[in-house]
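Here is a colleague's note on the model, set out as numbered points. Please read it alongside the coordinates.

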Amino acid sequence: MTEDAVWTGSWVAERLGVGLDGDETLPGLLGLALRRNPKRAHLLVSNVLGKHVPQRPSVVHAAGHGLGVRVRELLGDDAAGHAVVLGYAETATGLGHAVADGVGLAPYLHSTRRPVEGVERAGGFEESHSHATSHLLLPEDPRLLAGQGPLVLVDDEFSTGNTVLNTIRALHERFPRERYVIVALVDMRSPEDRGRLAAFAREVGARVDLIAQAAGTVRLPEGVLEKGRALVAEHETAAVPGPREEHRPAGRVALGWPAGVPDGGRHGFTPAHRTRLQEALPGMAGRIARELPAGARRVLVLGFEELMYAPLALGVELERLTDADVRFSTTTRSPVLAVDDPGYAIRTRLVFPAHDAPADGPGPRFAYNVAGGGFDAVVAVVDSVADTPELHAADGLLAQLSAHVPHVLLAVVPSYVPAPAASERSPLLPEPLRGPVFSSYAADDVGWLLQDLSGVTLEAPTEEREEAIQSGGAHYAESLPVEYQPSERYQELFHAALDTSAARIARAVGTVTETVMAERPSRPVLVSLARAGTPVGVLMRRWAAHRHGLDLPHYAVSIVRGRGIDANALRWLAAHHDPADVVFVDGWTGKGAITRELSDAIRAYEASGGATGFSPEIAVLADPGSCVRTYGTREDFLIPSACLNSTVSGLISRTVLRADLVGPDDFHGAKFYRELAGADLSRHFVDAVAARFDEVADAVDVRVKELLSADRAPTWEGWAAVERISEEYGIHDVNLVKPGVGETTRVLLRRVPWKILARAGAGADLDHVRLLAEQRGVPVEEVAELPYSCVGLIHPQYTRGATGADGKAVVSP
C-alpha cells in the first residue's frame, strides 16, 4: 500500500472498532468486510488469496509458492519428499496447491464439501466457524494419508487454530506421525491461543511447526457481533452497478485438458501430475487468448468454489502470454455484505443459484468485486460437474457476468472421477437437513439425516391409527398422529416441571456426556434417535462445548420398531465419520425394545455388506428399565421434553417409513411443523437446562467417578416387569405395555390408552400424567409394587367400537 491508498478495512474499523495489530504488512495483505454468521461478524479479506478480491494470478501463486519453499527449507529435501500437503476447502484449495508447488516433492490433497460416489472416505472434520462446516477427505489412494512423513496443513488464516488442531487430532488418531507443519498466509491468533500450539504438540506427542507470511491479531470490541448484525441489516442491499444495456451470450473455449490429470487436489495431485499439467498449460492458455476480444486490456479468470488451482494456473500462463492486465478470483458459497466504498474490501456482489447440484441442496452463490471491476472479458472456469442448465439459466452465473462484462468465455475442466467404475458406486446421499430450513434448532445443534415430507398429509385420527395398527393393517410408522396441542393448564405444568427438574436433568446430561467421553478415546460423534433422543443429543453437545470447548458433531436418524434403523443414514455416517466414533443417543429406556431393535439392525446392516464398527449400545438420559450401560440416571423421573411432541423437539414430527414415500436409496421421512412456531419451546427447554450446567458440575464429576468404577451391566429388570404386567392384566402383548413416565406420556398423547398404573406415593412427577388421563377419561390405578413411577397400558382389544362416542377408552370384557 502507498501512503495515499485507502485501507480496505477502514470502513469496518471506523464503525465497529475492529482493528489489526501486528506486522506492518498486514494492511496490504488484508481488508475487512462483514458477513452473516452467528459466530463471527467480521471477515478478513485477503488481497493475495484470489478468492474475494481479483488479484494478478502471478501474485496469488507466488504467495503460496513462497510459503512452500520455506516449508521445504524447514523440512529438508528428504523429509519433504515423504511429506503430504493438505489444503482446506473451499478457500485454501488453490493456496494449498501453490504451497505444494513450492515444496515441489510432495503430493497434494485438499478437503472437500462435495461427496463423490464410490470414493472411500479417509477422514473428515468440522470447521465450526465456517458458513459450511463439514469437510471430507477423499484421496483416490487411501494410503496417501497413512504415511509416516510430515503432514503440511494449509489454510488462508490461522485464527483460533481450532480447525487445524482438530484436523491434526482426528488424523493423528488414525495415522499417527512425528511431525506437522501448519502454513497460513497470516497468523492472527490471540495471545491466549498462541500458547495452545506447544501444549497441543505435547498432547499428541509430535512436533508442530508454524509458517506464516505475516502475523498479528484482530482487536474485537465488546458487542461486535450485535453491532455487526445491525450494520449488515442496515446495508444489506448489495452494491451492484447497473447492467449494460446490451450483452451477448457467453462463448465457449475448448481447453484440451490433458487426459488423466486431475482437475485439482480433491482426490490427490502428485508431482507427476504437476509435470504433465505444466507441459499442457501454454497450449490451453493460448486457446483462451485466441478467443479473447481484440484489444481486451483487463481480463478476469474466474474460478469456481473449490476449483481454484486450475483457473489460477491458466491465469498465470495467460498473464505471461498476453499484454492484458489479467486478474484472478473465484466464486464462493460464503455470503458477505457488499458496500461500494473504497475503504471496504467487498465493493460489489453478484448472486446466482448453485449450479453443481450440491449435496446440501440448492442455494445462492456469490461472485465479489466482479461487477464494476472494469473488466473487458471474463473467463469463467468450471469443472464438468458444474456445467449444468443452472449455470446457463437466465439467472445463472453466465447471465450475471454477461450483464456486467462485455465478453464472457466459458472453459470447462473435466471433473476427475477416480475408480471404482460408476456401475460399482452406491447412490449419492444428500447432506443433513438443518435449521432454520428444517427444524427450529440452530444449524449447528443437529443435522437431520431425514427427508422432508412437510408437504405430505400423513396425520390420521388417533382412533383410526390404533385400529389399523392393532389389526395389522398398517405399521405405526406409516402415518402420524395429529399433533397434540396442550391446554393452558397443561402448558403451566410443563413450565413448572421444567423449573423444578432443570438441575436434575442437567446432572443427568453431564453424567451421560462425561461417561461417553471417558470411554471414547477419540472425539465422539453423537447420533440421536429421532425424535425423543434429539433434545438430549443437543444438550450433550452443549455440555461438551461448555465444559471442554469441544464442538461435537450431532446428527439425528430414524429408527422404527420392527423395521430397524435407517440403513442409508448409517451409510452416510460411515462415509463421513469413523463408525467406531458414533454414539447413539436416546432420551430414556422403557422396557428396552429400541435397545434390542438397534442391536438387531446393526447386525443386519453389517451382514448386508455395510460398514463395520458401529456400536449397538445406546447412551440415554434415564434408564429406569436397566437396559443400557451408559446413562445419566436410572431413576424414573419426569423429563419435561417427554411432555410435548414436536414443540419441544425442533418442530419435527416422529419419523415416517412408507414404501410409496421412502425409496430404497432415501432417508426415512419426517415433517417440519413450521406453523407451530408460535408454540415452540425447543430452544427454551435446552437453554433452561444448559443454564444449570455450572451449578451441577461438581456433582457430575463425583457421580461419573462412581459410575466408571461400578458394575453398570444391564439387568433388564424393566423387561421382566413388563412381561409380568402384560400377563397379569390379560394383555398378552408387551408392545401394548409402555413403562416409565416418558412412555406413559406418549401413550396418552399418541395412542388409545386403556388405563394408567401409578406407583403409590409418586408425587409431582406424575402431575401431567394425571391431567392428561383426566382429559381423556382414562382411569389411574395406584399400585404398591411397581419398578417404574408409572406404566401406560394401551387398549388391548381396540376397535372404534371399544370406545364411547367421545373417543374415551372403555374396558372390554
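How many bridges join strand β22 to strand β23, and in which direction do the two run?

1. The model is a predicted one. In it, strand β22 (residues 525–529) and strand β23 (residues 554–557) are joined by four bridges and run parallel. Within this pair, L529 of β22 is placed opposite V557 of β23.

2. These two strands belong to an open sheet of six strands, which are paired in parallel and follow the order β18-β23-β22-β26-β27-β28. The edges of the sheet are formed by β18 (447–448) and β28 (630–633), each of which pairs on one side only.

3. Helix α16 (residues 533–548) packs on this sheet, where it touches β18, β22, β23, β26 (582–588) and β27 (618–622), and its direction makes about 120° with that of β26. Helix α17 (residues 567–576) also packs on the sheet, touching β22, β23 and β26, with a direction that makes about 160° with that of β23.

4. The length of α16 can be checked against expectation: at 1.5 Å a residue its 16 residues should span 22 Å, and because its end C-alpha atoms are 22 Å apart, the two values agree. Many positions of this helix are buried, among them G533, V536, L539, M540, W543 and A544. After the helix comes G549, which has a positive phi, near 65°.

5. Helix α15 (residues 488–519) deserves a separate look, since its 32 residues reach 43 Å from the first C-alpha to the last, which is close to the 46 Å expected at 1.5 Å a residue. The helix nevertheless carries a kink of about 55°, centred on S501.

6. T655 is located in the loop between β28 and β29 (669–670). Its relative accessible area is 6%, which is under the 20% limit, and T655 therefore counts as buried. The side chain of T655 makes a polar contact of 2.8 Å with that of S558. Leaving out residues up to four places away in sequence, T655 touches L450, A477, A530, S558, I559, V560, G669 and A670.

7. A second loop position to inspect is G396, between α12 (389–392) and α13 (397–402). With a relative accessible area of 0%, G396 is buried. The residues it touches, not counting those up to four places away in sequence, are F352, P353, E390 and L391. G396 and R365, which are 31 residues apart in sequence, lie 9.7 Å apart in space from C-alpha to C-alpha.

Notes
Residues numbered from 1 in each chain as written. Predicted model: local features only at pLDDT ≥ 70, side-chain atom pairs only at ≥ 80, totals over all residues. Heavy atoms only, no water. Pairing = 2+ DSSP bridges. Contact = heavy atoms within 4.5 Å. Axes fitted to C-alpha atoms, helices over the stretch in contact; angles between N-to-C directions. Buried < 20%, exposed > 50% of the residue type's maximum accessible area, 1.4 Å probe, protein only. Expected span 1.5 Å × (residues − 1). Bend = angle between axes of the 7 residues up to and from the residue. Polar contact = N/O pair within 3.5 Å; in protein donor to acceptor, adjacent residues only side chain to side chain.
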